[in-house]
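Colleague: I am new to this structure and would be grateful for a close look at a single part of it. Please choose the part, set it in its surroundings, and explain what can be read from the model.

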Amino acid sequence: RLQAFSSETAAPQQVNTTGFWRRQRARQHDRSYKSACPFTVHRTASDNLPVYVIKRKNRTEDVTVIKKIRGDPEAFRKEIEFLCQTRASYGKSGFLQIVGNHRRVIKGYLQSIGY
């Protein structure tokens, strides 16, 4: 913190130099639900949520894939099944797979809880 002197008064004023963007980032990511949540979803290196839609069965079936899940996988699976109203399963690679294109719903949910 720096002290700035004005020409009108001799009392020093506090100038906040912690950075506007740092305050905005802290305000944007309110993680109050995160401590109660039994799972976490880590972001990618480019700061995106790891939710992808891939095509299967000769490009006629959409499958939503969620990667980088840490914590309790069964709690996350139940939460996503309730959210999307469809069955979800873990594939051979450990990724959560949901039949259908549910990218917008899942990304909106993850952003709303602070991930």
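**A network of salt bridges**

Modeller: Glutamate 81 and arginine 87 are joined through their side chains by a salt bridge, with 3.8 Å from N to O. The model in which this pair appears is a predicted one. The two partners differ in their surroundings: glutamate 81 counts as buried because its relative accessibility is 15%, under the limit of 20%. Arginine 87, at 63% relative accessibility, counts as exposed, since that value is over 50%.

The pair does not stand alone, for Glu74, Arg77, Glu81 and Arg87 are linked in a network of salt bridges. Within this network, the side chains of arginine 77 and glutamate 74 meet at 2.7 Å, N to O. Arginine 77 lies in helix H2. Being three residues apart in that helix, arginine 77 and glutamate 74 are separated by about one helical turn. Side chains of opposite charge can pair when their charged atoms come close. Here again the accessibilities may be set side by side: arginine 77 is buried, with a relative accessible area of 15%, whereas glutamate 74 is partly exposed at 36%.

What else does arginine 77 contact, leaving aside its neighbours within four places in sequence? The residues are Arg87, Ala88, Tyr90 and Leu96. Arg87 therefore appears twice in this account, as a contact of arginine 77 and as the salt-bridge partner of glutamate 81.

The structure holds six salt bridges. One that involves other residues joins aspartate 62 to lysine 55, the closest N and O atoms being 2.9 Å apart. Both of these residues are partly exposed, aspartate 62 at 22% relative accessibility and lysine 55 at 44%.

Disulfides, by contrast, number zero. A disulfide is a covalent bond between the sulfur atoms of two cysteines. Cysteine 37 is buried at 9% relative accessibility, and cysteine 84 is buried with a relative accessible area of 11%.

Helix H2 also has a part in the surroundings of another helix. In H3, which spans residues 103-112, Ile106, Tyr109 and Leu110 are buried. These residues lie on the same side of H3, because they cover an arc of only 95 degrees around the axis. Their cover includes helix H2 (73-84), together with strands E3 (39-41), E4 (51-56), E5 (61-66) and E8 (96-99). On the face turned away from the buried side, H3 carries the exposed residues Arg104, Gln111 and Ser112. Glycine 114 follows H3 and has a positive phi, near 105 degrees.

Leucine 49, in the loop between E3 and E4, has contacts with residues of this region. Among the residues that leucine 49 touches are Lys107, Leu110 and Gln111. The C-alpha atoms of leucine 49 and leucine 110 are separated by 8.1 Å, although the two residues are 61 residues apart along the chain. Leucine 49 is itself buried, at 4% relative accessibility.

The wider setting is as follows. The protein has three helices and eight strands, which run β-β-α-β-β-β-β-α-β-β-α from the N terminus on. Of its 115 residues, 27% are buried. Among contacts with a separation of 6 or more, 48% are between residues 24 or more positions apart. The protein exposes about 8300 Å², of which carbon and sulfur atoms supply 49%.

Note on methods:
Residues are numbered from 1 along each chain as its sequence is written. This is a predicted model: local features need pLDDT of at least 70, side-chain atom pairs count only at pLDDT 80 or more; totals for chains, interfaces and linings use all residues. Side-chain values use heavy atoms; hydrogens and water are left out. Buried means under 20% relative accessible area, exposed over 50%, partly exposed in between (1.4 Å probe, protein chains only). Helices (H or I, at least four residues) and strands (E, at least two) are DSSP runs, numbered from the N terminus. The arc is that of the directions from the helix axis to the C-beta atoms. Contact means heavy atoms within 4.5 Å. Accessible areas come from the Shrake-Rupley method with a 1.4 Å probe; for residues, only the protein chains shown count as cover. A disulfide is a pair of cysteine sulfur atoms within 2.5 Å. A salt bridge is a side-chain nitrogen of Lys or Arg within 4 Å of a carboxyl oxygen of Asp or Glu.
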